[in-house]
Amino acid sequence: MKAVVYRGPRQVAVEERPDPTIQHPSDAIVRITTTNICGSDLHMYEGRTSVEEGKVLGHENMGIVEAVGAALTRVKVGDRVSVPFNIACGTCRNCISGWTSFCLRTNPTEGMDGAAYGYANMGPYDGGQAEFLRVPYADFNLLDLPAGQEHENDFTMLSDIFPTGWHGTELARMQPGDRVVVYGAGPVGLMAAHSAMIKGASQVYVVDKERDRLDLAGKIGATPVDFSKGDPVEQLMDATDGHGADCGVEAVGYQAHDPSGEEHPELVLDNLIKSVRSSGGIGVVGVYVPEDPGARDEAAKQGRIGFDYGTFFAKGQHMGTGQAPVMRYNRHLRDLIIAGRAQPSFLVSHELPLAEAVEGYDRFDKREAGWTKVLLRP
């Protein structure tokens with residue numbers, strides 16, 4: 001099969017790789033119909049993780065079941081499915097508690113709970129930016145989709161970014177009527193804004209500096225806040241009559257930077273603490289890593305981010321963090337799509353054949369105007 005393979009900082013290649021096979025009776029093989037380039041893939045692409053050279057990338061996957069192991073009873077050949085990026089066993093303590101993103105059995109990497117396809121430190125699993133993908137524990141992990149091709153560009157968001165955006169609002173303990181601020185208008189931030197609107201936010205503010213992304217936020221009814229035109233905290237406090245937002249979502253991560261392009265890994269956390277009212281909540285779904293060799297200071301290289309914890313404590317705020325347990329949300333979000341209540345495909349800008357993945361990565365990484373979400377079609 002053809003697959004997108006990591007070859008070093010800012011180097012990927014479309015190569016021939018062996019077709020995946022059934023390795024365990026609970027496996028399934030999925031023929032990929034759509035796989036996406038995720039903003040978190042760019043951390044690996046830029047050489048800011050420990051991902052090994054030769055890794056097949058891609059954790060946002062959907063397709064048609066091509067083969068099934070002997071132990072499967074629910075999943076059948078021919079099923080159209082969404083593949084959560086979490087690889088979960090379904091029976092460990094965390095999975096039973098609904099925290100499939102922290103499965104205790106699927107990742108042999110020391111010190112890491114939770115596994116994923118094609119990602120640094122998330123286990124030995126190849127990704128789905130390829131023609132075929134092996135799915136472990138398939139009866140548990142795969143989400144059934146209606147047969148056919150309807151909603152393909154919406155359903156492809158169910159593997160990661162739509163549930164992750166929704167998770168950000170859940171971690172922030174958002175309630176209907178809340179004023180919500182989302183830092184970062186990349187795909188996850190836009191999904192968090194879309195989720196907040198669906199959940200009944202009275203106002204959603206989206207902070208970024210890229211015009212095309214801010215325009216998309218405006219199109220779904222959110223209020224764009226351009227931090228290149230002034231302090232975003234001041235803009236938000238002015239917009240809320242000095243009260244601040246009721247809760248906020250961090251959808252940027254450890255490579256946050258100011259308008260000049262200088263990195264400050266604590267920047268968004270600090271701004272959120274200032275932007276959210278006392279006793280309000282913050283959901284952090286932007287990626288942070290235990291080690292970042294490319295960081296600008298020694299503490300950050302060790303994953304130590306010196307954010308304004310004193311003010312956070314003084315304001316009595318609460319913060320939730322971590323990878324989204326996709327299965328907690330994906331069935332509900334699928335049904336919202338089918339009912340016409342959710343349209344996450346609004347952010348899709350480019351649909352490319354898998355053979356053009358190299359260009360897709362390059363242009364998405366450069367934040368070229370109009371490149372907001374890239375789908376690959378094997």
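Colleague: How much helix and strand does the chain have over residues 25-139, and how far apart are the end C-alpha atoms?

Modeller: That stretch is 10% helix and 26% strand, with its end C-alpha atoms 11 Å apart. Here helices (H or I, at least four residues) and strands (E, at least two) are DSSP runs, numbered from the N terminus. Please keep in mind that this is a predicted model: local features need pLDDT of at least 70, side-chain atom pairs count only at pLDDT 80 or more, and totals for chains, interfaces and linings use all residues. Residues are numbered from 1 along each chain as its sequence is written, and side-chain values use heavy atoms, leaving out hydrogens and water.

Colleague: Which UniProt annotation covers residues 25-139?

Modeller: The unreviewed entry gives "domain: Alcohol dehydrogenase-like N-terminal". UniProt positions follow the numbering used here, feature names are shortened, and annotations may be inferred rather than shown by experiment. For residues 187-256 the unreviewed entry lists "domain: Alcohol dehydrogenase-like C-terminal"; there the chain is 41% helix and 23% strand, and the end C-alpha atoms are 15 Å apart.

Colleague: Why is H264 called buried?

Modeller: Buried means under 20% relative accessible area, exposed over 50%, and partly exposed in between (1.4 Å probe, protein chains only). H264 has 16%, so it counts as buried. H264 sits in the loop between β13 (245-250) and α9 (267-275). Leaving aside neighbours within four places in sequence, H264 is in contact (heavy atoms within 4.5 Å) with A256, H257, D258 and R296.

Colleague: What makes α9 largely enclosed by the rest of the structure?

Modeller: In α9, 7 of the 9 residues are buried, so the helix earns that description. Among them are V268, L269 and I273. The buried residues of α9 pack against several elements, including β10 (179-183), α8 (232-239) and β14 (276-284).

Colleague: How do you know that β1 and β2 pair?

Modeller: Two strands pair if DSSP finds at least two bridges between them. β1 and β2 (residues 11-16) have 6, in the antiparallel sense, so they meet the definition. One example is K2, whose bridge partner in β2 is E16. The two strands form a hairpin with 2 residues between them, and R10 in the turn has a positive phi of about 55°.

Colleague: Which kinds of residue line the second largest pocket?

Modeller: The lining divides into 9 nonpolar, 3 polar and 4 charged residues. Ala, Val, Leu, Ile, Met, Phe, Trp, Tyr, Cys and Pro count as nonpolar, Asp, Glu, Lys and Arg as charged, and the others, Gly among them, as polar. A pocket is an open set of points on a 1 Å grid over the protein atoms alone, where a 1.4 Å probe fits, with protein on both sides within 12 Å along at least five of seven lines; lining residues have an atom within 4 Å of a point.
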